[in-house]
Amino acid sequence: MLTQTEMHLFLGMSTVVTICTFGLYVFLASTHTQIVPHIKDHLCPDWTGRLGNLMFQYASLFGIAKRNDMVLTIHEDDEITSVFDNLFALKLQNNSVCEHVQIWGEMEPCLYDMLAATIPSNRNVKHMSLLQSWKYFSHVEQAIREQFTFNQTIESKCQKMLNDAIIGFTSNHTDTPVGKLQVVGLHIRRGDYLDKDKMAYGYQTADEEYINKSLNYFRSKFKHVLFLAYTSYYWKDLLWREKHVVGSDVVRMRVTSPEVDMCVLSKCNHSIITVGSFGWWAAWLANGTTIYYKNVAKNNSEYRNDFSEDMTDYFYPGWIGF
């Protein structure tokens, strides 16, 4: 069994590489090990998953690139470019520099791996990792916030949805001054987390008790509060929200697209999140008081091993775990 250091050295020396997929090591044979001699020190992503995952990959790789004096390089038509139009990464029409690369990886997806953040110099590298730790980009946080500004089309749609929700609420609560209203975004993810395979791996979902405790935290904190409750378009999730997220101060928001929904949540004053990277980023962008579900992984499960011992590599400093 290779040690962590030996594994990363193995990555740097061999054409056979390892990456972590849900805590398991998978070996891949690479046929693209030739280095382009005149274009070096480019760091390329291997995009995996949906919006929240893509944002972790981009932010972490941007931080890793800065730390190693490299250039984060993406294709101009990559999905993330359709959401954020202020990305600092080098955007190419022909991304051939990301085809002839050295492969790099991580040991676990939800903890900070110092060796995953240390890239060999004078070569092009593709990082085949999820990199879901804020520590990878803590030194460039302000730059990430500047880049993760939604494009104008998304911005216009989400601002209208937010305004409509506030106007609708205050018109029915005439004693609520708009200027003193605190808007709390609530994101509930269940859906795929209830799949048998994921539950066996150790995934857990937030229950009604957590939701009520989180809602009551903000109700006791603020006199005038409005909760904007989002979930997925999956009908079972919608029914669960209908049954368990209740109150005259709750608006169950219509699900539109991931980018518009996240934009609305990012404009809230505060956040309540359950599980998954989508809610994580919505709360991080909102940058207010955040309540998170701390029992995301079953104790002694394979999934629990994806995180650091105290999970502080994953959950952002200052967030409150219930």
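Is Cys 158 buried or exposed, and what is its relative accessible area? In this predicted model, Cys 158 is buried, with a relative accessible area of 0%. That makes a good place to begin a walk through the cysteines.

Cys 158 is joined by a disulfide to Cys 263, with an S to S distance of 2.1 Å. Cys 158 sits in helix H4 (residues 152–172) and Cys 263 in helix H8 (residues 258–266), so this bond ties together parts that lie 105 residues apart in sequence. The partner is buried as well: Cys 263 has 0% relative accessibility.

How many disulfides are there? The count comes to two, and the other one joins Cys 44 to Cys 98, where the sulfurs are 1.9 Å apart. The angle about the S-S bond is -80°, making the link of Cys 44 and Cys 98 left-handed. Cys 44 belongs to strand E3 (residues 42–45), while Cys 98 is in the loop between strand E5 (90–92) and strand E6 (102–104), so the link connects parts separated by 54 residues in sequence. Cys 44 is buried at 0% relative accessibility, and Cys 98 counts as buried at 7%. If you number the bonded cysteines of the chain in sequence order, the pairing reads 1-2, 3-4.

Cys 268 is in no disulfide. The nearest cysteine sulfur to that of Cys 268 belongs to Cys 158 and is 9.5 Å away; a disulfide would need the two sulfur atoms within 2.5 Å. Cys 268 is nonetheless buried, with a relative accessible area of 4%. Cys 110 counts as buried too, at 5% relative accessibility.

Let's return to strand E3, the home of Cys 44. In a regular strand the side chains alternate between the two faces of the sheet. Both faces of E3 are covered: His 42 and Cys 44 are buried on one side, and Leu 43 and Pro 45 are buried on the other. Which strand does E3 pair with in the parallel sense? The partner is strand E4 (residues 71–75), and two bridges hold the pairing. Across it, Leu 43 of E3 stands opposite Leu 72 in E4.

Elsewhere in the chain there is an open sheet of six strands, with parallel pairing and the order E10-E9-E8-E11-E12-E13. Its edges are strand E10 (250–252) and strand E13 (320–321), each of which pairs on one side only. At the E10 end, three bridges join that strand to strand E9 (residues 225–230), and the two run parallel. Here Ala 229 stands opposite Arg 252 in E10.

Strand E8 of this sheet leads us to the last stop, Arg 190, which is found in the loop between strand E8 (182–187) and helix H5 (196–201). Which side chain of opposite charge is nearest to Arg 190? It is that of Asp 237, at 4.6 Å. A salt bridge requires a side-chain nitrogen of Lys or Arg within 4 Å of a carboxyl oxygen of Asp or Glu, and Arg 190 has none, even though Arg 190 is buried. The side chain of Arg 190 does reach the backbone oxygen of Ala 206, at 3.4 Å. Leaving aside neighbours within four places in sequence, Arg 190 is in contact with Thr 205, Ala 206, Asp 237 and Trp 240. Asp 237 therefore counts as a contact of Arg 190 without forming a salt bridge with it.

Methods:
Residues are numbered from 1 along each chain as its sequence is written. This is a predicted model: local features need pLDDT of at least 70, side-chain atom pairs count only at pLDDT 80 or more; totals for chains, interfaces and linings use all residues. Side-chain values use heavy atoms; hydrogens and water are left out. Helices (H or I, at least four residues) and strands (E, at least two) are DSSP runs, numbered from the N terminus. Buried means under 20% relative accessible area, exposed over 50%, partly exposed in between (1.4 Å probe, protein chains only). Lys and Arg count as positive and Asp and Glu as negative; His and the chain ends are not counted. A polar contact is a pair of N or O atoms within 3.5 Å; within protein, one must be able to donate a hydrogen and the other to accept it, and residues adjacent in sequence count only if both atoms are side-chain atoms. Contact means heavy atoms within 4.5 Å. Two strands pair if DSSP finds at least two bridges between them.
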